[in-house]
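This report sets out selected features of a model with two chains shown below. The account moves from individual residues and helices to strand pairing and backbone geometry.

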Amino acid sequence: MNVHCSNRMKNCRVAQITPWGGLLFLLAVGLNAVASPAQLDKTFATTPNPEVALTNLRGKLVIRGWDKELVKAECTTLSPRVEVDAETLPRSGPVERVQLAAHLLDPLVAGEDETMDCVLEVPHGASVEIRNRQGSVRIEWVRGQHTRVESTNGTISATDISGHLFARTLGGDIEIVRPSGRVEAFSITGAIRFIDATSKDLRGNSNSGKILFQGDFIPGAEYVLSTYSGDIEILCPPASSFQLTAKTVRGKVDNEFSLTPRRRDASPLSSAHSLLGTSNAGNAMVELSSFSGTIRLRPQR
Amino acid sequence: MSEQGHNGLENARAACRQFDLELPAYLEGEDRPAVQTHARECVYCGVLLADLEQAVFASHHLPVEEPPARVWANIRARLADQGVIRDQASGWRRWLQHQILQPASASAGVLACLTILSVFLLSPGDSGLKKASSWLTPGVAPTVATASILGIDKDLFQTLRQMEESYQALETTLDPNLKATYRQSLGTLDDSIRECLKHCQRQPSDALAHEYLLNAYRAKAQVLASALLFDGR
């Protein structure tokens with residue numbers, strides 16, 4: 001197959017393209033058409049406290065609270081065969097519920113082609129529900145009643161969330177910074193980090209991941225942290241006031257706080273690896289347990 | 001009842017049956033004078049016709065909305081799966097599509113079973129949990145006879161086996177990264193369960209170890225639920 005250049009194309013080389021070359025060229029063009037990224041932007045005028053839900057197959061999600069009564073989604077897909085459905089309620093007037101869901105237009109799309117990265121801005125007062133099958137979720141400055149984040153293997157990072165926060169991932173890590181509402185965090189193999197929490201009710205559970213709690217205990221609050229084989233580490237100011245119940249089956253408790261011993265409970269705990277004591281006035285309740293991990297309590301210098 | 005009355009009733013029923021047969025065509029706009037004639041004579045059929053005509057009238061004034069594209073994709077996939085339509089794709093693509101779709105529909109069929117398991121395993125304070133939990137751990141799965149001795153419902157035992165099978169069927173279709181995550185999570189939990197079981201056999205009075213055993217089973221049920229409900233497609 002010959003390609004002829006016009007005389008006006010000065011730098012054009014006359015090329016001879018074989019049938020195989022042509023085939024490769026067409027294949028490359030075809031692949032490019034299949035995998036070209038697409039930008040999907042949607043904005044909805046909402047009430048101050050809408051419910052916002054986003055379901056994604058794969059990709060990075062960032063959700064931020066802002067002081068506008070708008071939900072704005074900026075999403076990029078790797079393949080044009082991935083699309084976002086948006087459903088809103090009610091259909092007219094300020095929206096009370098926005099539901100966004102990534103879906104495949106072609107059931108044969110798989111792997112990286114499923115990717116949709118998304119930045120979602122929501123009113124501060126929004127309640128948010130995020131499901132990202134594969135990929136990380138970062139959520140910030142959301143003060144709605146509920147925030148729920150789930151992923152199969154992605155990391156979850158939640159900063160300045162003031163409502164009830166529920167975070168669950170199987171293989172990813174979870175980091176929760178400055179939460180002030182009720183917190184529940186679960187991972188199977190990932191680590192969980194709580195930084196400067198002011199929540200009154202905080203729970204964390206990981207099977208084999210490590211749990212770190214860093215910050216002070218709030219008077220009247222309750223903290224329940226549990227692992228199977230992962231370690232639990234508490235780093236808090238020396239003046240922290242709490243009642244500690246630390247239990248392990250085969251692990252150990254390594255405590256650097258000066259605790260006032262409490263009489264052992266009459267519960268049928270046959271394991272000897274437990275520590276019950278009070279630090280200062282004992283204003284917060286701290287319950288730590290691990291089957292075979294080490295529980296460490298250290299004052300924050 | 002007199003013979004004349006009986007015949008009258010039979011005739012009326014026959015007319016109603018004829019009305020039922022002709023009604024769909026009449027509502028589609030075909031000329032069926034017998035439908036209107038019978039509706040005037042029979043109160044019951046008259047009310048029925050009035051209701052249906054009202055529904056048809058209202059439906060014509062509803063806005064027509066295009067369903068999301070995924071609805072069409074799903075319908076097409078399902079029809080192709082059932083052989084109703086034939087995909088234009090080449091042979092290997094058709095084969096691949098079949099391999100992908102078949103376990104998904106199978107997993108949908110066992111979702112109800114999964115719900116039963118989850119409810120059973122997640123109910124707090126249920127003594128049956130301790131008994132049922134050992135089913136889930138490879139290598140310590142009880143026989144039906146053992147299940148019977150433990151007082152476990154045989155049907156539930158079978159259901160659980162089906163659910164595990166459905167997960168295994170689903171696993172072959174999962175993305176490699178997801179599969180690795182599920183394997184790692186389930187493997188970690190299985191290790192915990194085995195270790196707890198051994199400990200509980202040695203120290204049956206260790207309440208904390210029992211608590212960990214139950215928690216490991218709960219977590220495993222949640223992982224399976226997540227796989228079948230969230231990642232099944």
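A residue counts as buried if 20 or more other C-beta atoms lie within 10 Å of its own, as exposed if 12 or fewer do, and as partly exposed in between. B:Asp20 has 13 other C-beta atoms within 10 Å and is therefore partly exposed. The model under discussion is predicted.

**Chain B**

B:Asp20 belongs to helix α1 (residues 3-27) of chain B. Between B:Asp20 and B:Val35 the separation is 15 residues in sequence, and their C-alpha atoms are 8.5 Å apart in space. B:Val35 is in turn one of the buried residues of helix α2 (residues 33-41) of chain B, together with B:His38 and B:Ala39. These three cover an arc of only 105° around the axis, which places them on the same side of α2(B). The other side of α2(B) carries the exposed residues B:Pro33, B:Thr37, B:Arg40 and B:Glu41. As a general point, an α-helix has 3.6 residues a turn, so residues three or four places apart point the same way.

Helix α10 (residues 176-202) of chain B has 27 residues; at 1.5 Å a residue it should span 39 Å, and its end C-alpha atoms are indeed 39 Å apart, so expectation and model agree. The buried residues of α10(B) include B:Leu178, B:Tyr182, B:Leu186, B:Leu189, B:Ile193 and B:Cys196. Polar side chains are represented in the buried set of α10(B) as well, among them B:Thr181, B:Ser185, B:Glu195 and B:His199.

Chain B as a whole contains 11 helices and zero strands. Of its 233 residues, 24% count as buried. Among the contacts in chain B with a separation of 6 or more, 57% are made by residues 24 or more positions apart.

**Chain A**

In chain A the secondary structure amounts to one helix and 24 strands. Of the 301 residues of chain A, 42% count as buried. Residues 24 or more positions apart supply 49% of the contacts in chain A with a separation of 6 or more.

Strand β9(A) has pairing partners in both β7(A) and β11(A). Strand β7 (residues 127-134) of chain A runs parallel to β9(A), and five bridges join the two. β9(A) also pairs with β11(A) in the parallel sense, over six bridges. A:Val149 takes part in both pairings: it is the bridge partner of A:Ile130, and it stands opposite A:Ala167 in β11(A).

Most residues other than glycine have a negative phi, and most peptide bonds are trans. Two residues of chain A depart from the former tendency, and are compared below.

| Residue | Phi | Loop in chain A | Other C-beta atoms within 10 Å |
|---|---|---|---|
| A:Trp141 | about 55° | between β8 (137-140) and β9 (146-151) | 16 |
| A:Asp160 | about 55° | between β10 (156-159) and β11 (164-169) | 15 |

With 16 such neighbours, A:Trp141 is partly exposed; A:Asp160, with 15, is likewise partly exposed.

What is the form of the peptide bond from A:Leu89 to A:Pro90? The bond is cis, with omega near -10°. A:Pro90 is located in the loop between β4 (82-89) and β5 (95-104) of chain A.

Definitions and conventions: Residues numbered from 1 in each chain as written. Chains lettered and ligands numbered in written order. Predicted model: local features only at pLDDT ≥ 70, side-chain atom pairs only at ≥ 80, totals over all residues. Helix = DSSP H or I, 4+ residues; strand = E, 2+ residues; numbered from the N terminus. Expected span 1.5 Å × (residues − 1). Contact = placed C-beta atoms within 7 Å. Arc of directions from axis to C-beta. Pairing = 2+ DSSP bridges.
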